[in-house]
Amino acid sequence: ASWLTPASEAPLGISLAVAKDRAMEPLLRVGDEFTVNILEEGNPATRDLMKHFLQRFEPGADRLEGVESFEGENGAAILRGACAYLECKIVSRMDASDHWVSFAEVVGGSVAKASATAAAHHRKVGTYY
(Lines give C-alpha, C1' and ligand atoms only; values in the text may rest on other atoms or scores of the structure.)
Protein backbone atom coordinates (compact mmCIF):
# COMPACT_ATOMS: atom_id res chain seq x y z
CA ALA A 1 0.00 0.00 0.00
CA SER A 2 1.10 3.56 -0.60
CA TRP A 3 -0.19 4.59 2.79
CA LEU A 4 -2.29 3.31 5.65
CA THR A 5 -3.90 5.30 8.47
CA PRO A 6 -6.48 4.89 11.25
CA ALA A 7 -9.94 5.78 9.96
CA SER A 8 -12.57 5.00 12.60
CA GLU A 9 -13.10 3.77 16.15
CA ALA A 10 -16.56 2.17 15.85
CA PRO A 11 -16.20 -0.02 13.98
CA LEU A 12 -12.43 -0.04 14.28
CA GLY A 13 -11.18 0.69 10.79
CA ILE A 14 -8.26 1.80 8.66
CA SER A 15 -7.95 3.46 5.28
CA LEU A 16 -5.34 2.59 2.72
CA ALA A 17 -4.32 3.69 -0.76
CA VAL A 18 -3.08 1.23 -3.36
CA ALA A 19 -1.75 2.24 -6.77
CA LYS A 20 -3.80 0.78 -9.60
CA ASP A 21 -0.69 -0.68 -11.27
CA ARG A 22 0.49 -2.65 -8.20
CA ALA A 23 0.44 -6.45 -8.32
CA MET A 24 -1.47 -6.56 -5.03
CA GLU A 25 -4.32 -4.36 -6.29
CA PRO A 26 -6.52 -7.26 -7.56
CA LEU A 27 -6.25 -8.85 -4.08
CA LEU A 28 -7.65 -5.79 -2.31
CA ARG A 29 -11.21 -5.38 -3.51
CA VAL A 30 -14.45 -5.05 -1.52
CA GLY A 31 -14.93 -8.20 0.55
CA ASP A 32 -11.26 -9.23 0.41
CA GLU A 33 -9.36 -9.86 3.64
CA PHE A 34 -5.74 -9.05 4.44
CA THR A 35 -3.38 -8.61 7.35
CA VAL A 36 -1.40 -5.53 8.37
CA ASN A 37 1.82 -6.60 10.09
CA ILE A 38 3.17 -3.92 12.42
CA LEU A 39 6.92 -3.89 12.86
CA GLU A 40 8.87 -2.55 15.83
CA GLU A 41 10.88 0.67 15.52
CA GLY A 42 14.55 0.20 16.41
CA ASN A 43 14.48 -3.60 16.13
CA PRO A 44 17.31 -4.77 13.80
CA ALA A 45 15.02 -7.45 12.34
CA THR A 46 12.57 -4.70 11.29
CA ARG A 47 15.15 -3.14 8.97
CA ASP A 48 15.71 -6.50 7.28
CA LEU A 49 11.98 -7.14 6.87
CA MET A 50 11.35 -3.65 5.51
CA LYS A 51 14.24 -3.99 3.08
CA HIS A 52 12.86 -7.34 1.91
CA PHE A 53 9.32 -6.06 1.27
CA LEU A 54 10.38 -2.74 -0.28
CA GLN A 55 12.20 -4.47 -3.12
CA ARG A 56 10.55 -4.98 -6.50
CA PHE A 57 9.28 -8.52 -7.05
CA GLU A 58 8.85 -10.26 -10.37
CA PRO A 59 5.22 -11.13 -11.21
CA GLY A 60 4.28 -14.39 -9.48
CA ALA A 61 7.27 -14.30 -7.11
CA ASP A 62 6.71 -15.63 -3.58
CA ARG A 63 7.09 -12.47 -1.48
CA LEU A 64 7.27 -14.56 1.69
CA GLU A 65 10.17 -16.73 0.56
CA GLY A 66 12.77 -16.70 3.35
CA VAL A 67 10.46 -14.82 5.76
CA GLU A 68 9.23 -16.56 8.91
CA SER A 69 5.45 -16.37 9.04
CA PHE A 70 2.31 -18.31 9.91
CA GLU A 71 -1.25 -18.25 8.61
CA GLY A 72 -3.78 -16.09 10.43
CA GLU A 73 -7.51 -16.61 10.95
CA ASN A 74 -8.23 -14.97 7.59
CA GLY A 75 -5.64 -17.04 5.72
CA ALA A 76 -3.19 -14.16 5.29
CA ALA A 77 0.41 -14.29 6.51
CA ILE A 78 1.41 -13.02 9.93
CA LEU A 79 5.11 -12.25 10.18
CA ARG A 80 6.89 -13.78 13.16
CA GLY A 81 8.93 -10.56 13.38
CA ALA A 82 5.83 -8.38 13.83
CA CYS A 83 5.13 -6.79 17.22
CA ALA A 84 1.40 -6.71 16.37
CA TYR A 85 -0.95 -7.40 13.50
CA LEU A 86 -4.44 -6.41 12.33
CA GLU A 87 -6.71 -8.72 10.34
CA CYS A 88 -8.89 -6.60 8.08
CA LYS A 89 -11.74 -6.84 5.57
CA ILE A 90 -12.30 -4.24 2.85
CA VAL A 91 -15.76 -2.73 3.20
CA SER A 92 -15.61 -0.01 0.54
CA ARG A 93 -13.26 1.65 -1.90
CA MET A 94 -13.26 4.66 -4.17
CA ASP A 95 -11.48 5.62 -7.33
CA ALA A 96 -8.79 8.22 -6.65
CA SER A 97 -7.09 8.87 -9.99
CA ASP A 98 -4.09 6.49 -10.14
CA HIS A 99 -4.92 4.84 -6.77
CA TRP A 100 -7.80 3.10 -5.02
CA VAL A 101 -8.58 4.39 -1.52
CA SER A 102 -10.20 1.72 0.63
CA PHE A 103 -11.82 1.51 4.04
CA ALA A 104 -11.20 -1.76 5.85
CA GLU A 105 -12.79 -2.92 9.09
CA VAL A 106 -10.39 -4.46 11.60
CA VAL A 107 -11.92 -7.86 12.39
CA GLY A 108 -9.10 -9.37 14.47
CA GLY A 109 -5.51 -9.07 15.51
CA SER A 110 -3.07 -9.38 18.35
CA VAL A 111 -0.26 -7.55 20.10
CA ALA A 112 2.90 -9.57 20.74
CA LYS A 113 4.86 -6.73 22.35
CA ALA A 114 2.77 -3.98 23.97
CA SER A 115 5.81 -1.83 24.80
CA ALA A 116 6.93 -1.62 21.17
CA THR A 117 6.75 1.56 19.09
CA ALA A 118 5.45 0.96 15.58
CA ALA A 119 7.97 1.52 12.81
CA ALA A 120 7.13 3.80 9.90
CA HIS A 121 8.67 3.96 6.45
CA HIS A 122 9.40 7.51 5.30
CA ARG A 123 10.13 7.95 1.63
CA LYS A 124 13.01 10.24 0.68
CA VAL A 125 11.11 11.43 -2.38
CA GLY A 126 7.34 11.63 -2.38
CA THR A 127 6.96 11.85 -6.14
CA TYR A 128 8.24 8.34 -6.85
CA TYR A 129 7.96 5.01 -5.09
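This report describes selected residues, contacts and one pocket of a predicted model.

**The loop between strand 2 and strand 3**

Strand 2 covers residues 12-19 and strand 3 covers residues 33-38, and the loop between these two strands holds glutamate 25. Glutamate 25 counts as buried because its relative accessibility is 7%, which falls under the 20% limit for that class. Its side chain makes a polar contact of 3.0 Å with the side chain of arginine 93. When residues up to four places away in sequence are not counted, glutamate 25 touches Val18, Ala19, Lys20, Arg93 and Trp100, so that Arg93 appears both in this list and as the partner in the polar contact.

Valine 30 is placed in the loop between strand 2 and strand 3, and with 51% relative accessibility valine 30 counts as exposed. Leaving out residues up to four places away in sequence, valine 30 touches Ile90, Val91, Ser92 and Arg93. For one of these, valine 91, the C-alpha atom is separated from that of valine 30 by 5.4 Å, although the two residues lie 61 residues apart along the chain.

Glycine 31 is also found in the loop between strand 2 and strand 3, and its relative accessibility of 35% makes it partly exposed. Apart from neighbours within four places in sequence, glycine 31 is in contact with Lys89 and Ile90. Aspartate 98 is 67 residues from glycine 31 along the chain, and the C-alpha atoms of the two are separated by 21 Å.

The C-alpha separations given for residues of this loop, including one to serine 102, are set out below.

| Residue pair | Separation in sequence | C-alpha separation |
|---|---|---|
| valine 30 and valine 91 | 61 residues | 5.4 Å |
| glycine 31 and aspartate 98 | 67 residues | 21 Å |
| serine 102 and valine 30 | 72 residues | 8.3 Å |

**Residues in strands 3 and 7**

Serine 102 is placed in strand 7, where its relative accessible area of 5% makes it buried. Residues up to four places away in sequence being set aside, serine 102 touches Ile14, Ser15, Leu16, Leu28, Ile90, Ser92 and Arg93. Ile90, Ser92 and Arg93 are also among the residues that valine 30 touches, and Arg93 is among those touched by glutamate 25.

Threonine 35 belongs to strand 3 and is buried, with a relative accessible area of 15%. The side chains of threonine 35 and asparagine 74 are joined by a polar contact of 3.4 Å. With residues up to four places away in sequence not counted, the residues touched by threonine 35 are Asn74, Ala76, Ala77, Ile78, Tyr85, Leu86 and Glu87.

**Backbone features**

Most residues other than glycine have a negative phi, and most peptide bonds are trans. Against that background, the peptide bond between alanine 10 and proline 11 is cis, with omega about 0 degrees. Proline 11 is found in the loop that runs between strand 1, residues 3-9, and strand 2.

Serine 97, a residue other than glycine, has a positive phi, near 65 degrees. Serine 97 is found in the loop between strand 6, residues 84-96, and strand 7, residues 99-111, and its relative accessible area of 62% makes it exposed.

**Cysteines**

A disulfide is a covalent bond between the sulfur atoms of two cysteines. A search of the whole structure finds 0 disulfides, and cysteine 83 is accordingly in no disulfide, the nearest cysteine sulfur being that of cysteine 88, 15 Å away. Why does cysteine 88 not form a bond with cysteine 83? The sulfur of cysteine 88 is 15 Å from that of cysteine 83, its closest cysteine sulfur, and this is too far for a bond, because a disulfide needs the two sulfur atoms to be within 2.5 Å. Cysteine 83 is buried, with a relative accessible area of 7%, and cysteine 88 also counts as buried, at 0% relative accessibility.

**The second largest pocket**

The second largest pocket has a volume of about 190 Å³. This pocket is lined by 12 residues, of which Glu41, Thr46, Arg47, Met50 and Ala120 are the closest to its centre. Sorted by class, the lining comprises 4 nonpolar, 5 polar and 3 charged residues.

Methods: Residues numbered from 1 in each chain as written. Predicted model: local features only at pLDDT ≥ 70, side-chain atom pairs only at ≥ 80, totals over all residues. Heavy atoms only, no water. Helix = DSSP H or I, 4+ residues; strand = E, 2+ residues; numbered from the N terminus. Buried < 20%, exposed > 50% of the residue type's maximum accessible area, 1.4 Å probe, protein only. Polar contact = N/O pair within 3.5 Å; in protein donor to acceptor, adjacent residues only side chain to side chain. Contact = heavy atoms within 4.5 Å. 1 Å grid on protein atoms, 1.4 Å probe; cavity = no way out; pocket = protein on both sides within 12 Å on 5 of 7 lines; lining within 4 Å. Points joined across faces, edges and corners; volume = space filled by probe spheres on them. Nonpolar A, V, L, I, M, F, W, Y, C, P; charged D, E, K, R; others polar.
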